[in-house]
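Trainee: Could we go through this one together, a piece at a time? I'd like to hear the reasoning as well as the answers.

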Amino acid sequence: MTRMARRDVLEAYRAMVATARAEVPELAQQPELLQIFSSFREPEADAARCARDGNCDGVRRAACSAHRTGTALDIYVGHLLGYGVDSTHTHNRRYMSQTAAYRWMVRNAERFGFVPYAFEPWHWEWVGPPQGYAQ
């Protein structure tokens, strides 16, 4: 699967991950953490994936998703065995919210222009770096 993101988003993501791995040994030792597993999605392909995988949790996918703009990234922060990396099951989301990767992201992602979507611990949207901030 091709994972597309805007160039500025990808550059900010790379800088963020390099910083996270430099600051948190656990993240440096587990290279799968903080990897992008989904980004740009065309509406038709997203609907087909949802139907094929039955992974819509009974909700219609948003037509205006940030994934359509190349500014949203689904980033692996860990998951419970038996659940998918994007499972919204309560136990899985609780587990994700306690991982070192997620905790680092919550404390630091804004420095790189990313904000969380609280219901999905893996989903981060790039809004650009804060005013006056130089990386």
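Mentor: Sure, here are some questions and answers on this model, which is a predicted one.

Trainee: Let's start with helix 1, residues 7-23. How far apart are its end C-alpha atoms, and what should its 17 residues span?

Mentor: Helix 1 has 17 residues, and at 1.5 Å a residue they should span 24 Å. The end C-alpha atoms agree with that, since they are 24 Å apart. So the expected span is 24 Å and the distance in the model is 24 Å.

Trainee: On which side or sides of helix 1 do its buried residues sit?

Mentor: The buried residues of helix 1 are V9, A12, Y13, M16, V17 and A20. They cover an arc of only 135° around the axis, so they sit on the same side of helix 1. That fits a general rule: an α-helix has 3.6 residues a turn, so residues three or four places apart point the same way. The answer, then, is the same side.

Trainee: Which exposed residues does the face turned away from that buried side carry, and what covers the buried residues?

Mentor: Cover for the buried residues of helix 1 includes helix 2, strand 1, strand 2, helix 5, strand 3 and strand 4. The face turned away from the buried side carries exposed residues, namely R7, R14 and A22.

Trainee: How many salt bridges are there, and which one links distant parts of the chain?

Mentor: The structure has two. One joins the side chains of R6 and D8 at 2.6 Å, N to O. In the other, R111 lies in the loop between helix 5 and strand 3 while E23 is in helix 1, 88 residues apart. The pair you want is R111 and E23, at 3.7 Å, N to O.

Trainee: Are R111 and E23 buried or exposed, or something in between?

Mentor: Buried needs under 20% relative accessible area and exposed needs over 50%. R111 has 27% and E23 has 43%, so R111 is partly exposed and E23 is partly exposed.

Trainee: Over to strand 2, residues 72-75. Which strands is strand 2 joined to by bridges?

Mentor: Strand 1 pairs with strand 2 in the antiparallel sense over two bridges, and S38 has D74 as its bridge partner in strand 2. Three bridges join strand 2 to strand 4, also running antiparallel, with E125 in strand 4 as the bridge partner of A72. That gives strand 1 and strand 4.

Trainee: Which residues of strand 2 are buried on each side?

Mentor: In a regular strand the side chains alternate between the two faces of the sheet. Both faces of strand 2 are covered, with A72 and D74 buried on one side, and L73 and I75 on the other.

Trainee: What about M96 in helix 4: buried or exposed? And how far is its C-alpha from that of W122?

Mentor: M96 has 0% relative accessibility, so it counts as buried. Beyond its neighbours in sequence, M96 is in contact with residues including V77, Y102, P121 and W122. M96 and W122 are 26 residues apart in sequence, yet C-alpha to C-alpha they are 8.1 Å apart.

Trainee: Last one: which residue other than glycine has a positive phi, near 70°?

Mentor: Look in the loop between helix 2 and strand 1. The residue there has a relative accessible area of 1%, so it is buried. It's L34.

Technical notes: Residues numbered from 1 in each chain as written. Predicted model: local features only at pLDDT ≥ 70, side-chain atom pairs only at ≥ 80, totals over all residues. Heavy atoms only, no water. Salt bridge = Lys/Arg side-chain N within 4 Å of Asp/Glu carboxyl O. Helix = DSSP H or I, 4+ residues; strand = E, 2+ residues; numbered from the N terminus. Buried < 20%, exposed > 50% of the residue type's maximum accessible area, 1.4 Å probe, protein only. Contact = heavy atoms within 4.5 Å. Pairing = 2+ DSSP bridges. Expected span 1.5 Å × (residues − 1). Arc of directions from axis to C-beta.
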